[in-house]
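Reader: I am new to this structure and would like to know how its terms are earned. Could you take me through them?

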Number of protein chains: 2
Amino acid sequence: MGRRQLWDRAEVLASAMGLFRRRGYQGASLRDIEEATGLHPGSLYRTFQSKDGLFQAALEAYNEQVVQGRVRVHLLEPTDPLAGIRSFFTSAFGTGLEPDPGCLLTNTAVESFTVPQAAAGVRQGLETIEAGFADALTRARALGTVPADLDVEMTSVQLLTLYQGLLVLVRAGTPITKLHTVTDGALASIGPRKRDSDE
Amino acid sequence: MGRRQLWDRAEVLASAMGLFRRRGYQGASLRDIEEATGLHPGSLYRTFQSKDGLFQAALEAYNEQVVQGRVRVHLLEPTDPLAGIRSFFTSAFGTGLEPDPGCLLTNTAVESFTVPQAAAGVRQGLETIEAGFADALTRARALGTVPADLDVEMTSVQLLTLYQGLLVLVRAGTPITKLHTVTDGALASIGPRKRDSDE
DNA sequence: CTATTTTGTGAGCAGTCGTTCAACTACCAG
DNA sequence: CTGGTAGTTGAACGACTGCTCACAAAATAG
């Protein structure tokens with residue numbers, strides 16, 4: 001009974017997500033949101049209560065779709081874990097968009113003072129990524145493509161941190177070649193020991 | 001001739017800097033700035049033209065004082081370069097402030113879409129840090145505390161990226177122990193080769 | 001002293017912010 | 001059809017935004 005909802009929640013959250021990524025929470029006004037999603041303030045407030053509510057829903061959707069999706073495709077599923085880690089990194093830059101929207105987790109973490117309610121969502125997303133790295137590294141160790149004594153837990157945190165740093169550099173407009181250098185270095189440092197018995 | 005300026009430019013920029021670090025460019029209103037600096041809008045606009053102008057002056061001061069100061073103390077001057085790199089990292093977190101203001105460069109890079117004029121200042125600061133790492137690593141190599149074949153340029157970018165990632169985690173409220181783990185890992189990966197002829 | 005110049009003060013401007021709400025539209029049960 | 005209900009619309013609200021400017025205060029020059 002009653003009128004049917006004319007819009008798709010997932011689509012609206014996707015538009016809002018994109019806007020928040022580009023402009024940040026503070027930088028996206030409700031007028032911007034209205035334009036991006038096509039939703040008028042009434043519908044928006046009926047559903048999400050507030051701008052905050054919409055943002056948290058968008059962050060949740062980002063975790064469930066973007067983050068978990070990328071972790072699955074690049075870190076959990078590939079048969080070659082190291083290649084997966086590499087593609088996880090490289091797929092984070094060179095989107096072609098100008099300026100690069102970066103990562104909603106990274107951007108929100110930095111903006112967190114003004115969006116304290118979002119801290120939990122950010123931490124959850126970061127944990128998902130870290131766990132993905134740990135999974136890939138464990139499998140790589142089993143395959144023998146990384147040293148058997150590699151500290152998986154420590155290396156996962158390391159990769160997560162490096163990844164977040166990359167996303168900062170992306171936002172700073174760093175040339176892609178430099179970002180590739182970072183990716184190469186990351187893999188070199190966890191890959192098979194050099195110096196041991198090279199050629 | 002004329003009345004004397006009652007306020008100290010460096011002091012005002014320091015207060016503004018702190019405010020921008022905590023709240024970001026967008027999150028710091030002119031009323032906030034007025035309260036933090038003690039400067040009324042008239043004086044502020046007479047000197048800095050706009051909120052943008054003040055921000056750019058604050059970012060410049062941040063580069064010249066905070067960034068260059070820390071690079072000098074931790075990366076250029078220490079006789080033990082690796083210990084310097086470690087203290088450069090550890091001094092970036094555990095400030096005791098809640099929430100941690102993080103780094104103005106990191107925060108501004110992420111917010112850059114809405115502050116495009118600041119991009120140059122951000123890049124300059126990042127370059128200063130990278131050059132500092134390069135200097136420390138070169139000296140470490142000369143001292144033999146890192147492998148002779150270490151790629152200084154590549155490792156510097158690596159450290160810069162990791163450092164920026166750390167500052168993101170700091171803002172996300174990551175526990176200090178984890179941040180220390182990252183620091184330890186960074187030094188372990190550039191330090192003397194393990195596995196070669198240990199014990 | 002007066003005239004001139006520089007700086008400080010803060011009320012107030014036009015515009016935008018997040019938010020609300022009364023009128024309106026579309027659907028279902030009876 | 002009628003009554004009830006859920007959803008849409010957009011004008012409007014008070015609060016706040018970055019910013020301006022007329023005036024007051026303090027310094028120097030003559």
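Author: What follows is a set of questions about two protein chains and two DNA strands, with the rule behind each answer.
This is a predicted model, where local features need pLDDT of at least 70, side-chain atom pairs count only at pLDDT 80 or more, and totals for chains, interfaces and linings use all residues. Residues are numbered from 1 along each chain as its sequence is written, chains are lettered from A and ligands numbered from 1 in the order in which they are written, and side-chain values use heavy atoms, leaving out hydrogens and water.

Reader: How do you know that chain A and chain B are related by a two-fold axis?

Author: Two copies of a chain are related by a rotation about an axis and a shift along it. Here a rotation of 180 degrees with 0.0 Å of shift along its axis puts chain A on chain B, with an RMSD of 0.0 Å (least squares on the C-alpha atoms of residues with pLDDT of at least 70 in both). That is the relation of a two-fold axis. In chain A, Gly165(A) has the C-alpha nearest the axis, 1.8 Å from it. Both copies use the same surface: 100% of the contact residues of chain A recur in chain B.

Reader: What makes a residue part of the contact, and how many does each chain give?

Author: Contact means heavy atoms within 4.5 Å. By that rule, chain A gives 40 residues and chain B gives 40 residues. The two chains bury about 3800 Å² between them, 65% of it on carbon and sulfur atoms; buried area is the accessible area (1.4 Å probe) that two parts lose on being put together, summed over both.

Reader: Why is the pair Glu130(A) and Lys178(B) called a salt bridge?

Author: The term asks for a side-chain nitrogen of Lys or Arg within 4 Å of a carboxyl oxygen of Asp or Glu. The side chains of Glu130(A) and Lys178(B) meet at 2.8 Å, N to O, so the pair qualifies. Across the interface of chain A and chain B the rule finds two salt bridges. Twelve residue pairs between these chains are in polar contact, both at pLDDT 80 or more (a pair of N or O atoms within 3.5 Å; within protein, one must be able to donate a hydrogen and the other to accept it, and residues adjacent in sequence count only if both atoms are side-chain atoms). On the side of chain A that touches chain B, α8(A) supplies the largest share, eleven residues (helices, H or I, have at least four residues and strands, E, at least two, as DSSP runs numbered from the N terminus).

Reader: How do you know which residues are near DNA strand C?

Author: A residue is near a strand if one of its heavy atoms lies within 4 Å of it. There are 25 residues around DNA strand C, and among those that come nearest are Leu30(A) and Arg46(B). α3(B) gives the largest share of this surface, four residues.

Reader: What makes Trp7(B) a polar contact of DNA strand C?

Author: An N or O atom in the side chain of Trp7(B) is 2.8 Å from a phosphate oxygen of DNA strand C, so the pair is within 3.5 Å.

Reader: Which part of DNA strand D does Arg31(B) meet?

Author: A base nitrogen: an N or O atom in the side chain of Arg31(B) lies 2.7 Å from it. Tyr45(B), in turn, has a polar side-chain atom 2.3 Å from a phosphate oxygen of DNA strand D. α3(A) gives the most to the surface near DNA strand D, with four residues.
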